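User: I'd like to go through the sheet, the cavity and the pockets here, and hear what earns each one its label. Could you take me through it?

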Amino acid sequence: MGSAFGLTLVLLSAAPTYAAEAQPQMMGDVRIHDPSVIEIGGRFVAVGTGEQGQTHGAIHVKTSLDGVKWADAGLIGQGPPAWARATLGFQPLNVWASSISRRGNTAFLYTCLSSFGHNTSAIGLMTNTASNPLKPSEGWQDQGLVLMSKDGDDFNAIDPFRVDSSDGRAYLAFGSFWSGIKLSELNPETGKLINADTPRVALASRHGGAIEAASILERDGKFYLFVSFDQCCKGIASTYNIRVGRADRIEGPYRDKDGKAMLEGGGSLVLATTGRFIGPGGQEAVRTSKGDMLAYHYYDGDAAGAAKLQLSPILWTTDGWPELGPVPQ
């Protein structure tokens with residue numbers, strides 16, 4: 001009797017305090033990789049990596065009225081910009097992991113150019129002062145290079161993410177493999193580095209291991225750094241998973257729920273492979289009229305590993321950590 005009573009207590013204490021609502025089921029054309037989402041005029045626009053060998057590798061665009069049902073909206077630009085070859089020393093095949101954000105009436109679109117497995121890479125910028133969610137591919141102006149890395153550097157200038165903090169300043173998070181995730185301050189208005197010798201602040205690292213796709217969300221005086229661990233881009237063999245850490249300052253130090261520093265490989269798990277949602281990652285946190293949300297891609301196990309978009313509300317625990325509900329069936 002005593003053992004059964006003890007077991008009952010254990011089971012009760014292990015039961016969840018609430019049943020989290022499932023993530024919404026996306027509909028329509030949701031084929032995208034490395035998604036970045038913005039809300040403009042009550043509508044949602046998503047941009048993603050261009051496809052090699054198709055449409056010159058230009059940035060893909062999707063739109064949605066409600067953030068659930070999506071439609072293809074064409075392309076932004078005509079592939080890698082004209083300055084890419086002279087800057088990098090080779091011609092990139094496509095535009096990677098673009099990141100879209102907005103400050104005032106200006107939309108900022110950060111792009112990256114590279115080749116797989118190398119860190120001769122560049123982050124560029126396009127701006128749009130008349131962004132129209134009904135015509136999201138129109139009105140963009142190329143502003144050229146923001147920063148680059150080259151062979152021999154300890155970082156990789158890909159996976160850009162702009163964050164505008166509550167004190168009016170702006171920053172660019174970036175990085176993949178090598179020494180990890182970096183942060184540099186931007187001129188909020190131009191979107192370029194605030195000065196030529198702007199320092200690169202180290203935020204997270206796995207000491208050469210797989211970490212990338214950084215994004216930062218400010219909430220209640222804290223900063224949350226989301227990253228992807230492990231391997232993308234392998235369809236159903238992908239091992240991507242989403243991690244997070246928290247800091248009191250945007251420059252860090254970021255630590256996970258167990259107190260482990262993200263500079264030492266820390267990062268609390270947000271989402272890993274679950275059912276047909278294989279290798280979730282390439283994520284960005286975004287603030288919307290519906291609340292804080294996380295955009296990410298996954299490789300659909302029911303669709304031969306096609307990369308698809310998921311946009312889900314971020315749920316906050318009582319002790320201030322982000323979670324996601326169960327993946328849709």
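Analyst: Happy to! Let's begin with residue classes: Ala, Val, Leu, Ile, Met, Phe, Trp, Tyr, Cys and Pro count as nonpolar, Asp, Glu, Lys and Arg as charged, and the others, Gly among them, as polar. The lining of the largest pocket divides into 17 nonpolar, 19 polar and 11 charged residues. This is a predicted model, where local features need pLDDT of at least 70 and side-chain atom pairs count only at pLDDT 80 or more, while totals for chains, interfaces and linings use all residues. Residues are numbered from 1 along each chain as its sequence is written, and side-chain values use heavy atoms, with hydrogens and water left out.

User: What makes the largest pocket a pocket, and the largest cavity a cavity?

Analyst: On a 1 Å grid over the protein atoms alone, a cavity is a set of points where a 1.4 Å probe fits but cannot get out, whereas a pocket is an open set with protein on both sides within 12 Å along at least five of seven lines; a lining residue has an atom within 4 Å of a point. A volume is the space filled by probe spheres set on the points, which are joined across faces, edges and corners. The largest pocket comes to about 920 Å³. Of its 47 lining residues, the closest to its centre are His-33, Asp-34, Thr-49, Cys-232 and Cys-233.

User: How many cavities are there by this rule?

Analyst: The count is 1 cavity of 30 Å³ or more. The largest cavity has a volume of about 60 Å³, and its lining includes Ile-38, Ser-131, Asn-132 and Trp-140.

User: Which classes make up the lining of the largest cavity?

Analyst: There are 9 nonpolar, 2 polar and no charged residues. Ser-131 and Asn-132 are in that lining, and they count as polar because neither Ser nor Asn is listed as nonpolar or charged.

User: Why do strands 18 and 19 count as paired?

Analyst: Two strands pair if DSSP finds at least two bridges between them, and strands are DSSP runs of E, at least two residues long, numbered from the N terminus. Strand 18 and strand 19 (residues 291-300) have 8 antiparallel bridges, so they pass that rule. For one of these, the partner of Glu-284 in strand 19 is Ala-295.

User: What makes strand 18 an edge strand?

Analyst: The open sheet has 3 strands in the order 18-19-20, with antiparallel pairing. Strand 18 (277-288) and strand 20 (306-313) each pair on one side only, and that puts them at the edges.

Definitions and conventions. Helices (H or I, at least four residues) and strands (E, at least two) are DSSP runs, numbered from the N terminus.
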